[in-house]
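Reader: I'm new to this, and I'd like to learn how to read a protein model. Could you walk me through one?
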Amino acid sequence: MALLFSDEEFQQAWTELDEPQLDGGWEFFTETMNVKIYRLYNKETGLYEYKVFGVLASCSPDLCADVYMDLNYRRKWDSYVKELHEKDYDGQKAIYWEVKYPLPLSNRDYVYVRERRDLDVGGRKICVVLAKSSSVSQCPEKKGVIRVKDYKQSLAIESDGADGTKVFMNYFDNPGGMIPTWLVNWAAKTGVPAFLTDMKKACSNYSSYCNNK
């Protein structure tokens, strides 16, 4: 089976915990909840790619990583999830994810692959999760749902030295369809803080979820 991601891609992600790479047109976008967001304009799509730097207080890196990877739990705490599961498609595991969009917009769905690596970098424990779109022919598009075919996300986390987690995230997706670009970009500005708020709450409730399974 071909490698999903290269060693270099994992290194690029964790390196930004130390030295944010913001040359080449990245601009400051917004700051909230101890998190700074930068964006890079994509001329072809009229959309932005985003980088997120910050700290999630009172959440350990191990807990953050486990919550982030647990798809069954995400269906419980993420109100935008309509369907989310991992399946084996001819020997290749891929994740199917349908996201609720407000009417009159059509829902979007994703088929993507991901990989987690827990790294030891000079004695530092760093977790990196990479994800990207995958074209799986055995997962046909649904009527009335628009398939997002251009999606990527990377996440690198480590301890902040206290009881929290230092976070770097890089992501881009092109939702397609007839959504005004200003609406997509507005959603990014409000959606990231909302996701982080939900993620913190999900971390605090994870032990009770696991105990009640």
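Author: We'll go through helices, rings, backbone oddities and a few single residues. Before that, this is a predicted model, where local features need pLDDT of at least 70, side-chain atom pairs count only at pLDDT 80 or more, and totals for chains, interfaces and linings use all residues. Residues are numbered from 1 along each chain as its sequence is written, and side-chain values use heavy atoms, with hydrogens and water left out.

Reader: Okay, helices. How do I describe two that pack together?

Author: Two packed helices are described by the angle between their axes and the distance between the axes. Helices (H or I, at least four residues) and strands (E, at least two) are DSSP runs, numbered from the N terminus. Axes are lines fitted to C-alpha atoms, for helices over the stretch in contact, and angles run from 0 to 180 degrees between N-to-C directions. Here, take H2 (residues 61-69) and H4 (residues 181-212): their axes come within 10 Å and cross at roughly 100°. H2 and H4 are therefore roughly perpendicular to each other (under 35 degrees is roughly parallel, over 145 roughly antiparallel, 65 to 115 roughly perpendicular, the rest oblique).

Reader: Which residues make the contact between H2 and H4?

Author: Contact means heavy atoms within 4.5 Å. On the H2 side you'll find Leu63, Cys64, Asp66, Val67 and Tyr68, and H4 brings Met199, Ala202, Cys203 and Tyr206. Sorted by class, the contact of H2 with H4 has 8 nonpolar, no polar and 1 charged residues. In that scheme Ala, Val, Leu, Ile, Met, Phe, Trp, Tyr, Cys and Pro are nonpolar, Asp, Glu, Lys and Arg are charged, and the others, Gly among them, are polar.

Reader: Now rings. How many aromatic pairs does the structure hold?

Author: Rings of Phe, Tyr and Trp (its six-membered ring) pair if their centres lie within 6.5 Å; planes under 30 degrees apart are stacked, over 60 edge-to-face, and the rest tilted. The structure holds 17 aromatic pairs. In one of them, the rings of Phe29 and Tyr50 have centres 5.6 Å apart and planes at 45°, so the pair is tilted. This pair links distant parts of the chain, with Phe29 in strand S1 (residues 27-32) and Tyr50 in strand S3 (residues 47-56), 21 residues apart.

Reader: Are Phe29 and Tyr50 buried or exposed?

Author: Buried means under 20% relative accessible area, exposed over 50%, partly exposed in between (1.4 Å probe, protein chains only). Phe29 has a relative accessible area of 14%, so Phe29 is buried, and Tyr50 is buried too, at 3%. Another pair is Trp97 with Tyr151, which is edge-to-face: 6.3 Å centre to centre, with 65° between the planes. Trp97 sits in strand S5 (residues 92-99) and Tyr151 in strand S9 (residues 151-159), 54 residues apart. Both Trp97 and Tyr151 are buried. Ring pairs also link Phe29, Tyr41, Tyr48, Tyr50 and Tyr171 into a cluster.

Reader: Which charged residues lie over the face of Tyr101 and Phe5?

Author: A charge sits over a ring if NZ of Lys or CZ of Arg is within 6 Å of the ring centre and within 35 degrees of the ring normal. Arg108 lies over Tyr101, at 4.9 Å from the ring centre. Lys132 does this over Phe5, at 4.9 Å from the ring centre.

Reader: What about the backbone oddities?

Author: Most residues other than glycine have a negative phi, and most peptide bonds are trans. Look at the peptide bond from Leu103 to Pro104: it is cis, with omega near 5°. Pro104 is in the loop between S5 and strand S6 (107-121). Then there's Ser58, whose phi is positive, near 60°. Ser58 is in the loop between S3 and H2, and Ser58 is exposed, with a relative accessible area of 57%.

Reader: Last one: what does Glu158 touch?

Author: Glu158 lies in strand S9 and is buried, at 8% relative accessible area. Not counting residues up to four places away in sequence, Glu158 touches Leu17, Asp18, Pro61, Arg124, Lys125, Ile126, Gly164, Thr165 and Lys166. Glu158 and Lys125 are 33 residues apart in sequence and 6.3 Å apart in space, C-alpha to C-alpha.
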